[in-house]
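User: I am new to this protein and would like to know how its labels are earned. Could you take me through the reasoning, step by step?

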Amino acid sequence: MTAYVVATMAIHDPQTYRKYTDLTPPLIKRHSGRFLTRGDDVTTAKGQAFEDRMVLLALPDKAHVEAWLSDPEYIEACKFRDAAASVRILVQESRGNTEDPDPKL
């Protein structure tokens with residue numbers, strides 16, 4: 001089942017962060033992933049906003065996400081991200097409960 005990644009970032013050094021974003025597209029593609037949104041404006045509809053940027057990704061399954069996150073080139077790229085921003089990454093693998101959702105879940 002498709003695995004979705006939600007990454008939110010509070011960026012304090014945009015120039016260094018750009019070094020990370022320059023490297024990530026081919027790494028996502030290598031792991032059969034695709035961007036659903038990347039760097040578009042974020043609006044907080046409820047609660048307090050802490051992030052400047054949000055990225056949504058879709059990969060074939062959680063194994064592909066884990067392979068991407070442990071890819072040595074991605075780990076190297078993350079050094080720029082981690083030096084430039086506070087990051088939260090969420091992963092959820094779909095169980096296909098979207099067409100006719102079970103109300104008990």
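User: What makes L69, V87, I89 and V91 a nonpolar patch on the surface?

Analyst: Happy to start there, with the note that this is a predicted model. Nonpolar side chains such as Val, Leu and Ile are joined into a patch within 5 Å, provided each residue has over 30% relative accessible area and no salt bridge. I89 can serve as the example: its relative accessibility is 33%, and the cut-off is over 30%, so I89 qualifies on that count. Together the four residues L69, V87, I89 and V91 offer about 240 Å² of accessible area.

User: Which strand gives the most to the nonpolar patch?

Analyst: Strand 4, residues 85–93, does, with three residues. I89 is in strand 4.

User: Why is I89 called partly exposed?

Analyst: Buried means under 20% and exposed means over 50%, with partly exposed in between. I89 comes to 33%, so partly exposed is the right label.

User: How do you know that strand 1 and strand 4 pair?

Analyst: Two strands pair if there are at least two bridges between them. Strand 1 and strand 4 have nine, in the antiparallel sense, so they pair. As one place to look, I11 stands opposite A85 of strand 4.

User: And what joins strand 1 to strand 3?

Analyst: Here there are seven bridges between strand 1 (residues 3–11) and strand 3 (residues 53–59), again set against a requirement of at least two, so this is a pairing as well. These two strands run antiparallel, and V5 has L57 in strand 3 as its bridge partner.

User: In what order do the elements of the protein chain run?

Analyst: From the N terminus on, the order is β-α-β-β-α-α-β. That comes to three helices and four strands.

User: Why do Y17 and Y20 count as an aromatic pair, and why is the pair called tilted?

Analyst: There are three aromatic pairs in the count. For Y17 and Y20, the ring centres are 5.5 Å apart and the planes make an angle of 50 degrees. The distance limit is 6.5 Å, so they pair; 50 degrees is neither under 30, for stacked, nor over 60, for edge-to-face, so tilted is what remains. Both tyrosines belong to helix 1 (residues 14–30), and because they are three residues apart, about one helical turn separates them.

User: Are Y17 and Y20 buried or exposed?

Analyst: Buried, in both cases: Y17 has a relative accessible area of 4%, and Y20 has 9%. The limit for buried is under 20%, so each value meets it. Y17 and Y20 also belong to an aromatic cluster together with W68 and Y74.

User: What makes R38 count as lying over the face of F35?

Analyst: R38 lies 5.0 Å from the ring centre of F35. The limit is 6 Å, so the distance fits; the direction must also be within 35 degrees of the ring normal.

User: How do you know that D71 and R30 form a salt bridge?

Analyst: Their closest N and O atoms are 2.9 Å apart, and a salt bridge requires a distance within 4 Å. The two conditions agree, so the name applies. This pair links distant parts of the chain: R30 is in helix 1, while D71 is in the loop between helix 2 and helix 3, 41 residues apart. D71 is buried, at 8%, whereas R30 is partly exposed, at 44%.

User: What other side chain meets R30 in a salt bridge?

Analyst: That is E73, at 3.0 Å from N to O. R30 is in helix 1 and E73 in helix 3, so the bridge ties together parts 43 residues apart in sequence. E73 is partly exposed, at 46%.

User: Why do K79 and E76 count as a salt bridge, and where are they?

Analyst: Their N to O distance is 2.8 Å, set against the 4 Å limit, so they qualify. Both lie in helix 3, three residues apart, which means about one helical turn between them. K79 counts as exposed because its 51% is over 50%, while E76, at 43%, is partly exposed. As for networks, salt bridges that share partners join R30, D71 and E73 into one.

Conventions: Residues numbered from 1 in each chain as written. Predicted model: local features only at pLDDT ≥ 70, side-chain atom pairs only at ≥ 80, totals over all residues. Heavy atoms only, no water. Phe/Tyr/Trp six-rings, centres within 6.5 Å; stacked < 30°, edge-to-face > 60°. Buried < 20%, exposed > 50% of the residue type's maximum accessible area, 1.4 Å probe, protein only. Patch = residues over 30% accessible without salt bridge, like charges linked within 9 Å, V, L, I, M, F, W, Y side chains within 5 Å. Areas by Shrake-Rupley, 256 points an atom, 1.4 Å probe, with all protein chains shown as cover. Salt bridge = Lys/Arg side-chain N within 4 Å of Asp/Glu carboxyl O.
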